[in-house]
Structures are given as C-alpha cells and as structure tokens.
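User: Could you take me through one part of this model closely? I would like to hear about the second largest pocket and what lines it.

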Amino acid sequence: MEADVLGITLLVGTFFVLLAVRVPVAFALGTASVLTGWYLDLPLMVVLQQMAKGLDSFSLMAIPFFILAGQLMGVGGISQKMIAMADVLVGKIRGGLAMVNIMASMLFGGISGSSVADTSSIGSIMIPMMKKAGYDNDYSVAVTISSSVQGVIIPPSHNVIIYALAAGWVTVTVDGISKQFSLSIGKLFLAGVTPGILLGLALMVISYFLAVRRNYPKGQPVAFREGVARVMDGLLGLLTAVIIIGGVVSGIFTATESAAIAVAYAFIITAFVYRELGWGNLRVVLFESLKTLAIVAALITTSSAYGYMMTRLSIPQLVTDALINLTDNRYIVFLIINVILLGLGMIMDMAPLILITTPILLPVVANFGMDPHQFGIVMMLNLGMGLLTPPVGSTLFVGCAIGRIRIEDMVKPLLPFYLFMFITLLAITYIPSISMWLPNMFMP
Amino acid sequence: MLHAILTVVKKGFAAVEKTLELLSMGMLLAMVVIICYQVVMRFVFNDSPSWTEEIAILLMIWFGILSIPIGVKLHLHIGIEYLFNLFPLKGQYVVSRLIYLLIAGFGLVMIVNGLELVEFTSMSTLPATKLPSAVEYAVIPISGVLLIFNAMELFWVPYGTFLEQQPPSGQT
C-alpha cells in the first residue's frame, strides 16, 4: 500500500502541534481535517458534512438520555442512597468505609457511567467521612478515584456507546474480507459486567490489605430492618440500570428507547417518590446535562471528520500492516496496544481518545482475533486508568480537589492501586471469556 | 457612534446565545419526549410512527453542532494545559489570542462551506418526513456565525483582564 506521507504528516502533525499549544481537542481535530481536506483537493463541504454525519446515529441519542437520567438521579440524592446500601452489604469488614466506597462506586456506575461524576458525588461524601473515621487522606482519595473507574465499565456506560459509534466509522479487512462492524450495544453492556465487578474485587483486596496494615476501623453492623429498608430504597434507584440493560439485552427496546424510558422513570422517581425535584433544579439538571453533552457532541462532530480523513489516507490499514509486519504474536500486539492506550490516556481525556483511536486500533485487534466487544471493555478500563494518571487526569484532579491534597502527593499512594488495576487489565485483555461469557450466554 | 453600534450588536448576540441555550435544553427534552412517544405508540397502539426517529436525529444534529459555539462561550472545550502553562504569561496571552483567531477561522469555514453544503443538498429530501435534506445542515452556517462572534469576544479580552483571570498558583 502506498502511503501518502505528506498527507499523513499534515493530518497527524497539525493535530499534535495544535494540541501542544492548548487548542481545544475538538478544534485541533477540526482544523487538521480542514487542512488535510484542502491538501487532498476535496471540497471543504465534505468535511462539514462528515461533522454532521457523525451525529446522524440513532443509538448515539442514548448518550444524552443516560446523562440526563444520571443527573436526575443525582438530584434525588442517589449517591447517599448507594452509600447507605453499600454500608449494609460491606460496612462491617475491616476498612469498612473503603469497602463501602468501592461498592457504592460499583452501584453508582450502574446509574452514571462517568468516572468524574462518580468521584465528585461519592467522593464528596465518602472522603470527609473517611477522614473523620481516622483514615489517611491519601488512602481515601486513592480508593475513591480508583474505584470510580468502575463507572465507565459497568453498564450502562455512555462511553461504550461512543466506542460503538466510532467502531462503525471504519472498514475492517480481515483475511481479505472487508466489512463494517456494527456493534451490539447490548453485548457491549453485558461484556462490561464481569470486568467491572472484577475490578471492584481487585480494588477491595488491595484496600483491605492496606486497611489491615494501617489498622483502619471496622464499621458498625446495620440492624436488619434498617438494612432491608436501605437496600429497598437503593434498589428503587438501581431500577434505571435494570430498565436500560434489561430492555436492550432482551431486545424489546433499542438502547436509545430504553434510555428514554429510563429518563422518564428517573423523573418520576425523583419528582414523586424521593420528592427532590422542582422547577428550579429541573433547570439545573438540564443545564448541567447540556454542559456535559456539549463537550461530547462537539468532539463527535470533528472527530467524525478526522476519522474520515484517516480512512481517506488509509491510516488504519497502514497501522495494521505495520504491526503485522512487526510481529505475528497476538499477545505482544495486545500488550503494545495497551501500552499505547495507557500512554495516550496520560495526556488526553477519555471521549476524544475513544473517538480517535478506535478507527485505528479496531482493525488491528480484529486481525489478531479479538472480539470487538471485548476490545471495547479493554479500552474502557485502559482509558479509565488514564483518568487517574498525571499530567492530565480529570478524575485525579477532582479527587485531589475534594481531598485537598496536591496531585504530586497522590502518585505514590496510588501505586498499589495502579498495579492491581493493571493486573485486572491484563486479565481482561488475555482472557476473553471474562468479558464474553455473559454476552455469549444471553445474546449468542 | 461605533461604540453604540458595538453595544447593540453585543446585546443582540447575548440575547441570541441565551435563546439558543434554552433552545438546546428544549431540544434535549424534545428528544426524550419523541422517543418515549415512539415507544408508547409501538407498544400500546402497535403503530410505529415513521417520523419520530428522523426528527429526533435532526434535533441531535442541531444540538450537537450548536454545542460547538456554546462550548466556546461557556469555556467547556478543554485543551491540554501542560506545555502551555510553562510559557511566560505574555506568551500565554499571545498564544490564546491566536487560538481564538483559529477558532474564528474555523467558524468562517463553517459559514462559507456550510452554505455551499446547504445549497448542494437543498434539492434532495429526507425519506420519512420529506423535509429538504438541507435542514440537517442549515445549523452549520448558523453555528459558524455564533462561533466567530464568541471567539472574537474572547479575542478582545485585554491583557490586564487576562492576568486577573489566571488561577493564583497556575495549578489546575
């Protein structure tokens, strides 16, 4: 294959140069696409059409709905309810508050799907609570932010939908047969369940180990009746996740439809059962959702154009060929891909990386026999870890702000957590059945 | 005189922005309502309306493209600060002026080539609603105008104000 070196340099180089001088990611992608389109003698309206085409997807609409449902549940005090429920289940163990923190993140992940939202809502309650109970600050922050990564893996996660969208942008050639993937959102959701729980367990193990060594307190057992009441209250909130996942997996609803129903459900619960919603905070909910969505939507438009240019210049094919020429050992290729994603995750945020790297890396892993649904989960955990690493890690920043601790001082306490997350990552990468047994069982 | 005109223009744009922000929130709600309506029609009346998906996607496109200028206004679009923070303040000021110019330039492309796209697609129609396909793209030049305005408004921020807006320690 003949590579258009000048074109590729223009597309990739412009992007990185603009990024280095703090041009917002969305505009760095847009500008690089326009310049490359100009260089390739394409009418520039094609670039703009691709921007709009990026949004022209029915399943994409699930993203605003998930975010809305999450925001509505947030107003209803869902994070307190998840913490109260987790306390019933794991509070009695040594280092109980750390266990509660991790468990609450797992449950909350079923509602919000955002690691930053998880850290800011669970963390702002749990970190002060842990501080009061005698836990070290760095430990509390480390537990909070590392467990919040569960949010992007445990369904329903809107990042998974971004991945499915970007996966549809590229033509994948395996053994001479070209095809376009259209990934099943239901399978992606189910694929995330076990890895998400596994990550939670891994974090509980390391937290417990550290808690014993530092002699952190056990929690108080909860009385039976009180416990049942709390669990019921929490389950009422978790029903949003059940609606979404159940609807999609059973095939009764599309992801978008079930997300819309979940919004309606969240609205009813928050307004009439929890009685926390009024006109005032409904406006806040809409505005906060608008802010989150504006970032994602703008990124989708320009990265759709960027992805189109990458395909025009055959970049995905070239990368695949290069890696095939380098080695035919799939374990090494998967390791290389993990290292690349971890490295990029250190400097960039999750959504843009999903949108940019999926069209390049998906053809590679497909050629080495990894299921695209499994790769989605690998990518989620990988980029989720990137949210915890300096110099750019939005979850780390939020966690440090809540715990009032300097970012530099967090790196060392995080090392054991990084290690356990990395082990989980390797397990999910190399053992396909961890992700795939559930989707294979329910959606063959 | 010029100053008076500028104030009027600014006020006009501020009103337009506010309207668009409300419109975007409205579109968000409308999408939920339309899809819920679709589900109800399908399950209760066993009759899938053909227009719902198309209109909802149309709203999504408008919402998404409008979020580009809205994001500039609300400072939502994030860049990588790491290298940038190493520049001297004067340099940071100059570079961020250049960034706003670049964004305005992108807005210009959205206007000029967006209009071209609208014209190009004005003859074809969307399958279900028979609306002209151009309605999908009409939002592009509109967003371009807003983008230029928002970028230029930030471009004119004087150095003194820029210094005041800096976080005290430089750390995020």
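Here is a walk through that pocket, its lining and one of the helices beside it.

Analyst: Happy to help! This is a predicted model, in which local features need pLDDT of at least 70 and side-chain atom pairs count only at pLDDT 80 or more, while totals for chains, interfaces and linings use all residues. Residues are numbered from 1 along each chain as its sequence is written, chains are lettered from A in the order in which they are written, and side-chain values use heavy atoms, with hydrogens and water left out.

The second largest pocket has a volume of about 490 Å³. A pocket here is an open set of points on a 1 Å grid over the protein atoms alone, where a 1.4 Å probe fits, with protein on both sides within 12 Å along at least five of seven lines; lining residues have an atom within 4 Å of a point. The volume is the space filled by probe spheres set on the points, which are joined across faces, edges and corners.

Its lining has 26 residues, and S57(A), S59(A), A164(A), L165(A) and G168(A) lie nearest the centre. Two or more lining residues come from each of helix 3 (44-55), helix 10 (158-167), helix 11 (185-213), helix 13 (255-273) and helix 14 (279-312) of chain A. Helices are DSSP runs (H or I, at least four residues), numbered from the N terminus.

By type, the lining holds 12 nonpolar residues, 12 polar and two charged. Ala, Val, Leu, Ile, Met, Phe, Trp, Tyr, Cys and Pro count as nonpolar, Asp, Glu, Lys and Arg as charged, and the others, Gly among them, as polar.

Helix 3 of chain A is mostly covered, with 10 of its 12 residues buried (under 20% relative accessible area, 1.4 Å probe, protein chains only). Among the buried ones are L44(A), Q50(A) and L55(A).

As for confidence, chain A has a mean pLDDT (the predictor's confidence in each residue, from 0 to 100) of 90, and 100% of its residues reach 70 or more.

Terms used: Buried means under 20% relative accessible area, exposed over 50%, partly exposed in between (1.4 Å probe, protein chains only).
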